[in-house]
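Here is a short set of exercises to work through with the model open beside you. Try each task before you read its solution.

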Amino acid sequence: MEASYIIAPLLGGVIGYITNDIAIRMLFRPHTAKYIFGIHIPFTPGIIPKEKGRIAEAVGGVISENLMNKEVLEKYLLSEDMVGKVRSAVEEFIATQQRKNETVVQFLGHYLSKEEIDTIAQNINQSITKQTYEKLADSSVGEKVAHIAIDHVAQKLTIDGAQELLSGIGGALGGLGGMAAGLFGGNIVAKFLGMLREPAEHFLAKNINTMLRDNGEEIVSNMIGGEVDAFLNKPVCKLLEGHEEQLAQAVNTIESIYRSIITEHLPKILDSIDISKIVRERINEMDVNETEKLIFQVMSKELKAIVWLGALLGLVMGSVNLIVKKKKNNYGQI
């Protein structure tokens with residue numbers, strides 16, 4: 001009789017443990033339907049493999065409607081904590097660049113390949129060169145340059161300037177130059193040079209236009225290419241020097257852009273992304289073994305608790321059953 005007090009509750013506990021363990025395993029196993037002599041065995045496949053499509057549909061809908069909707073994401077992404085993290089990340093990035101001595105090309109090398117950087121530099125060179133050359137190739141450029149140059153010379157060729165020119169010629173030609181200076185004087189020379197202004201301007205404009213048309217593109221390309229190379233090889237910290245106020249404003253600007261993206265573009269992004277479909281397809285693509293392994297990894301502790309809870313309930317029920325039988329026996333003896 002004493003042994004029954006131990007065996008009954010213990011047997012109830014073992015049965016409870018085994019039945020709950022089998023029930024949990026039957027959620028996944030067997031993975032496929034089983035047949036005996038062509039007759040389908042009930043509860044095969046397991047509940048999850050059998051209802052995988054419906055579960056995927058339900059999970060996708062729940063995530064899309066309750067976890068990944070506009071209100072939830074916007075509340076999280078625009079929280080003070082998240083915005084603070086964005087600002088801190090930008091400030092730390094700027095501070096890091098101010099401390100480091102890497103060049104622009106080295107900085108870009110973190111995000112682009114050398115070939116991509118070279119292509120970008122070449123495209124910038126070609127684009128600026130083309131636009132600049134098109135402007136320089138305009139015939140009005142030569143006329144404007146010639147006019148400015150001749151006008152500058154004309155301003156210098158006053159009577160005193162002409163006299164200085166003659167004196168210079170006199171120094172170069174000796175007595176002949178001095179004789180010319182004495183005969184003509186500055187006033188006559190100035191008038192003579194004034195007469196030559198229009199044909200000189202026309203001649204200069206024509207030659208400037210010819211030079212720009214034939215060699216302008218090469219000249220501009222060499223100039224722009226040198227400037228691009230100089231920029232790429234300049235330290236980023238040097239570019240940031242003296243721009244502390246602008247950098248501080250840049251942090252505020254980036255925060256503003258971030259808020260704008262979340263409030264204005266997040267709904268469009270969510271509309272273009274069918275989250276429910278993505279989740280549904282991903283679950284359906286997962287192998288049953290993979291699904292089982294994933295769930296057991298996430299809920300191993302909870303599933304084990306359910307098994308041991310079954311053992312505890314079996315133990316309690318076995319004890320209750322033993323007590324009830326004992327009372328019946330006592331009543332029978334009375």
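Two residues are in contact when they have heavy atoms within 4.5 Å of each other. Helices (H or I, at least four residues) and strands (E, at least two) are DSSP runs, numbered from the N terminus. This is a predicted model, in which local features need pLDDT of at least 70 and side-chain atom pairs count only at pLDDT 80 or more, while totals for chains, interfaces and linings use all residues. Residues are numbered from 1 along each chain as its sequence is written, and side-chain values use heavy atoms, with hydrogens and water left out.

**Exercise 1. The overall picture**

Describe the chain by its helices and strands, its buried share and its contacts.

Solution. Begin with the elements: the chain has 15 helices and two strands. Next comes burial, where buried means under 20% relative accessible area, exposed over 50%, and partly exposed in between (1.4 Å probe, protein chains only). Of the 334 residues in the chain, 25% are buried. Then take the contacts between residues at least 6 apart in sequence: 74% of them join residues at least 24 apart. Finish with the surface, for which accessible areas come from the Shrake-Rupley method with a 1.4 Å probe, and for residues only the protein chains shown count as cover. The chain exposes about 23400 Å², and carbon and sulfur atoms supply 63% of that area.

**Exercise 2. One face of a helix**

Which residues of helix α14 are buried, and what covers them?

Solution. Step one is to find α14 at residues 275-285, where Ile275, Ser276, Val279 and Ile283 are buried. Step two is to look at their directions: these residues share one side of α14 because they span an arc of only 100° around the axis. The arc is that of the directions from the helix axis to the C-beta atoms. A general rule helps here: an α-helix has 3.6 residues a turn, so residues three or four places apart point the same way. Step three is the cover over the buried residues of α14, which includes α3 (52-67) and α13.

**Exercise 3. Two pockets**

Work out which elements line the largest pocket and which element gives the most to the lining of the second largest pocket.

Solution. First, the terms. On a 1 Å grid over the protein atoms alone, a pocket is an open set of points where a 1.4 Å probe fits, with protein on both sides within 12 Å along at least five of seven lines; lining residues have an atom within 4 Å of a point. Grid points are joined across faces, edges and corners, and a volume is the space filled by probe spheres set on the points.

The largest pocket has a volume of about 300 Å³. Two or more lining residues come from each of α2 (47-50), α3, α14 and α15 (288-333). Among the lining residues are Ile47, Lys52, Arg282, Ile283 and Leu294. Sorted by class, the lining has nine nonpolar, one polar and two charged residues. (Ala, Val, Leu, Ile, Met, Phe, Trp, Tyr, Cys and Pro count as nonpolar, Asp, Glu, Lys and Arg as charged, and the others, Gly among them, as polar.)

The second largest pocket has a volume of about 180 Å³. Both α1 (2-25) and α15 supply at least two residues of its lining, and α15 gives the most, with seven. The lining includes Tyr17, Asp21, Glu292 and Trp308. Its classes are six nonpolar, one polar and four charged residues.

**Exercise 4. Is Gln97 buried or exposed?**

Solution. Locate Gln97 in helix α5 (residues 80-99). Gln97 counts as buried because its relative accessibility is 7%. Beyond its neighbours within four places in sequence, Gln97 is in contact with Glu102, Phe107, Val236, Cys237 and Leu240.

**Exercise 5. Backbone checks**

Where is the cis peptide bond, and what is phi of Phe37?

Solution. The general background is that most residues other than glycine have a negative phi, and most peptide bonds are trans. The bond from Arg29 to Pro30 is cis, with omega near -5°, and Pro30 sits in the loop between α1 and β1 (35-36). Phe37 has a positive phi near 55° and lies in the loop between β1 and β2 (39-40). With 82% relative accessibility, Phe37 counts as exposed.
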